[in-house]
Amino acid sequence: MDPERAADELGLDHADLDAAVASLTELGLLKPDLHDPARLRPVDPDLVATVVTTSMEAAIRSQQAELHHIRDQFAGLRGHYLDSLSRGSVDFEVIPGVEEVRAALNRAGAECTEEMLTSQPGGNRVPEVLQEALARDTAMLSRGVRMRTLYHHTARFNGPSQAYVATVSALGAEYRTAHELFGRLIVFDRKTAFVPERGDTWGAVVIREPSVVHYLCEVFEQAWTQAAPFSDAAADGLELVAKDIHRTIVRLLAAGLKDESIARRIGMSLRTARKHIADIMESLGAESRFQAGVLAAQQGLLDDSPGSPEAATGA
């Protein structure tokens with residue numbers, strides 16, 4: 001290799017060329033000629049790659065062996081765990097960690113054969129979570145499982161939710177929205193229900209007791225009947241959907257609910273809910289929540305509107 005010629009053809013100065021040659025030599029892609037060490041010869045990159053990756057592949061194989069060993073150890077414990085459950089009550093099971101909850105949901109979804117019912121409060125769906133759910137839901141729908149999901153009306157304004165619902169609805173899933181929801185719930189085949197663990201944890205309680213599961217399914221069915229088919233805000237009209245949400249907040253204010261409770265009931269962030277509440281109080285000219293309720297009742301704002309999603313569905 002002629003350094004002067006190489007620098008000229010590659011458009012490099014001598015410092016950059018020296019750095020490149022040093023790097024390629026260190027990687028083994030350039031080797032000094034046996035008969036003339038001042039000359040450098042290129043080495044087949046495939047041969048170099050084989051040498052460089054041999055140790056990495058050995059490390060990967062070692063880790064895979066360790067992974068299988070750990071899984072076998074935990075699998076051996078499952079028999080003892082199931083045996084202990086068989087001697088006690090299996091109607092209720094507490095799963096404390098979010099990763100364990102996710103694994104339990106995935107397993108229940110893989111075993112589901114007929115129907116899944118879901119209530120998902122909140123208006124914003126995280127794209128990463130929706131993407132993870134897409135593979136699971138698609139697999140279930142391909143097996144003929146009927147899927148029905150309840151969202152808050154505020155989910156209509158969420159772009160990722162709109163895209164997800166459009167995709168999965170095309171595969172047969174059903175979605176509806178409501179002003180208020182009773183809480184988070186997932187039921188598989190009307191036999192196993194998941195509800196949140198009490199408090200601010202991400203844990204869950206698994207319920208298998210038939211009477212309790214049946215009751216939860218009845219609660220879902222009642223909310224489903226009163227809910228409206230999911231559609232994005234643009235399809236229904238931004239003004240109509242906003243008025244529906246506005247009227248629900250007025251009702252909850254009149255009922256004396258605190259900001260945190262209102263935000264949770266309608267699936268909004270606390271900050272957004274407080275902004276809506278402030279706008280409502282200002283538009284009514286009210287100085288207190290009680291006065292806002294009185295003024296709203298006088299103006300007929302607590303009555304159902306013919307344009308509401310409930311009225312549109314005849315619910």
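H153, T154, H179, D244, I245, T248 and I266 line the largest cavity of this structure. Before going on, I should say that the model is predicted.

On that cavity, the space inside is about 30 Å³. The structure holds one cavity of 30 Å³ or more, so there is no list to go through, given that cut-off. Which element gives the largest share of the lining? That is helix 9, residues 238–254, with three residues. By class, the lining of the largest cavity has four polar residues, two nonpolar and one charged.

Next, the second largest pocket. About 650 Å³ of space lies in this pocket. Its lining has 22 residues, and those closest to the centre are R78, E93, A104, R107 and R208. Four elements are to be named here, as each gives two or more residues to the lining: helix 3 (45–86), strand 3 (92–95), helix 4 (98–111) and strand 8 (192–196). Helix 4 gives the most, with seven residues. How do the lining residues of the second largest pocket divide by class? There are 12 nonpolar, nine charged and one polar.

Helix 3 comes up again at the surface. I70, F74 and L77 make a nonpolar surface patch of about 300 Å², and L77 lies in helix 3.

Now the sheet. As a reminder, strands of a sheet pair through backbone hydrogen bonds, either parallel or antiparallel. Here we have an open sheet of eight strands, with mixed pairing. Reading across, the order is 3-9-8-7-4-5-6-10. Which strands are at the edges? They are strand 3 and strand 10, the latter being residues 228–229, and each pairs on one side only. Strand 3 is thus an edge strand that also gives residues to the lining of the second largest pocket. Strand 8, another contributor to that lining, sits between strands 9 and 7 in the order.

One pair in the sheet is worth a look on the screen. Strand 5, residues 146–152, and strand 6, residues 174–178, pair in the parallel sense over five bridges. In this pair, H152 stands opposite A178 of strand 6.

That brings me back to the cavity, where H153 and H179 are among the lining residues. I will stop there.

Note on methods. Residues are numbered from 1 along each chain as its sequence is written. This is a predicted model: local features need pLDDT of at least 70, side-chain atom pairs count only at pLDDT 80 or more; totals for chains, interfaces and linings use all residues. Side-chain values use heavy atoms; hydrogens and water are left out. On a 1 Å grid over the protein atoms alone, a cavity is a set of points where a 1.4 Å probe fits but cannot get out, and a pocket is an open set with protein on both sides within 12 Å along at least five of seven lines; lining residues have an atom within 4 Å of a point. Grid points are joined across faces, edges and corners, and a volume is the space filled by probe spheres set on the points. Ala, Val, Leu, Ile, Met, Phe, Trp, Tyr, Cys and Pro count as nonpolar, Asp, Glu, Lys and Arg as charged, and the others, Gly among them, as polar. Patches are made of residues with over 30% relative accessible area and no salt bridge: like charges are joined within 9 Å, nonpolar side chains (Val, Leu, Ile, Met, Phe, Trp, Tyr) within 5 Å. Accessible areas come from the Shrake-Rupley method with a 1.4 Å probe; for residues, only the protein chains shown count as cover. A salt bridge is a side-chain nitrogen of Lys or Arg within 4 Å of a carboxyl oxygen of Asp or Glu. Two strands pair if DSSP finds at least two bridges between them.
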